[in-house]
Amino acid sequence: MTDQSDPNRIEAPEHLPLLRSLISFVPDRLMSISADRAGEKPSPEKWSSKEELGHLIDSASNNHQRIVRAQLEDSPAMPGYDGDAWVELHGYQRRDWQSLIELWRLGNIQLLSAAEAAGAAAWRRTLTVGGSDLLTLRFVFDDYVEHMLSHLSHIGLDAAKLPSESDDPATLYPEKSAGADRPINQLMRRRWSPRVFEDREVERSTILTLLEAARWAPSCFNEQPWRYLVFDGSDREALERARACLVEGNAWALKSPVLMVSVARNNFSKNEAPNRTAQHDVGLASEDLVLQAVASGLAAHQMAGFDVERTRTEFGIPGDYTPIAMIAIGYPYRGDLGALPEKVRARELAGRSRKPMGEIAFAGKWAEPYNQ
């Protein structure tokens, strides 16, 4: 508990950097919990993980109000709230797990924005909560974060194992956010292609969610030329046959718990005319799939390195369809990086880079850079 004995101290909250870190890393950890498991109640009188996270959403809402009003009013008297009643009222047990995770993230971004707007002197301002003695705003903020950590531990997230902003970048694996020059969607920033996965199966419901994302991709004339062969381990012999189609350089993918093969239908179904954009459209669907993987706490790595003809023969792919890519899917590895072979570790921790904008976008004519 943060010391609140001297309200004249001008000092930012101890846990301000920690909240920034939690916002970055907790959603991914929560996504690794299946929706079914998140809805399980340890006992009838205890909260499920959905309800526990819902309580943290309510806590963020109430504490955001406290942080804002304490900066705008002199010693405001803020109400307390009945956590059980709020959880019941919001029906968190019936809510979508992924939506709750995003609501938690956005609520804490809003709270953090109000906290970061506070000048140094604001943290000695006071308020009361539910008839309490005067509390400094600094105490309220730090107490909020400590309360959050307690409930995250109930869900199964050990705060001691979460990264902090002071950690060496190498310890932040498997996060490798893109250093984008412009603001882009967080899923796009966080998507990358690791080669090491947790030794853990991926739930069928989660795999179906990935495929649902692919299903809603755009395509020429709404042809939807994509097809996916799925090897999820439920048929071990089929998975081993798929693994045998990988080239030697992709041997790392032999340990992936799920493999998929993306396939394009070569011709339009309405007239069998060649579909020039079929492979482009399959790429769109697969990008939707890999972004959904990020949102679901997974990683996906697409590979051209597999034996196309062997794959066609092994799995009976018709001649008017073209295998495009093998996709390795699983939960990203979070174990001891020192336990990985040196070559693998170096490859996993290598930086990410992209060509500059002027090399890929042209202004009106070829090779005229479109940038700035």
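Here is a quick tour of a sheet, the cysteines and some ring contacts in this predicted model.

## A three-stranded sheet

Let's start with the strands. Three of them, in the order β1-β2-β3, make up an open sheet with mixed pairing. The edge positions go to β1 (77-78) and β3 (135-136); each has a single partner strand, so one side of each has no neighbour in the sheet.

Looking closer at β1, its pairing with β2 (residues 126-129) is parallel and runs over 2 bridges. Within that pairing, M78 faces V129 of β2.

## Cysteines

If you're wondering about disulfides, the structure has 0 of them. As for how accessible the cysteines C220 and C245 are, C220 is partly exposed at 26% relative accessible area, while C245 is buried, with a relative accessibility of 1%.

## Aromatic pairs

Searching the whole structure turns up 6 aromatic pairs. One of them is F231 with F315, a tilted pair whose centres are 4.7 Å apart and whose planes meet at 55°. This pair ties together distant parts of the chain: F231 belongs to strand β4 (residues 226-231) and F315 to helix α11 (residues 308-315), with the two positions 84 residues apart in numbering.

Are these two rings buried or exposed? F231 is buried, at 6% relative accessible area, and F315 also counts as buried, at 17% because the cut-off is under 20%.

## Charges over rings

Rings also meet charged side chains here. R200 places its charged end over the ring of Y331, 3.7 Å from the ring centre. Likewise, the charged end of K270 lies over the ring of F221, at 4.0 Å from its centre.

Key
Residues numbered from 1 in each chain as written. Predicted model: local features only at pLDDT ≥ 70, side-chain atom pairs only at ≥ 80, totals over all residues. Heavy atoms only, no water. Pairing = 2+ DSSP bridges. Helix = DSSP H or I, 4+ residues; strand = E, 2+ residues; numbered from the N terminus. Disulfide = S-S within 2.5 Å. Buried < 20%, exposed > 50% of the residue type's maximum accessible area, 1.4 Å probe, protein only. Phe/Tyr/Trp six-rings, centres within 6.5 Å; stacked < 30°, edge-to-face > 60°. Lys NZ or Arg CZ within 6 Å of the ring centre and 35° of its normal.
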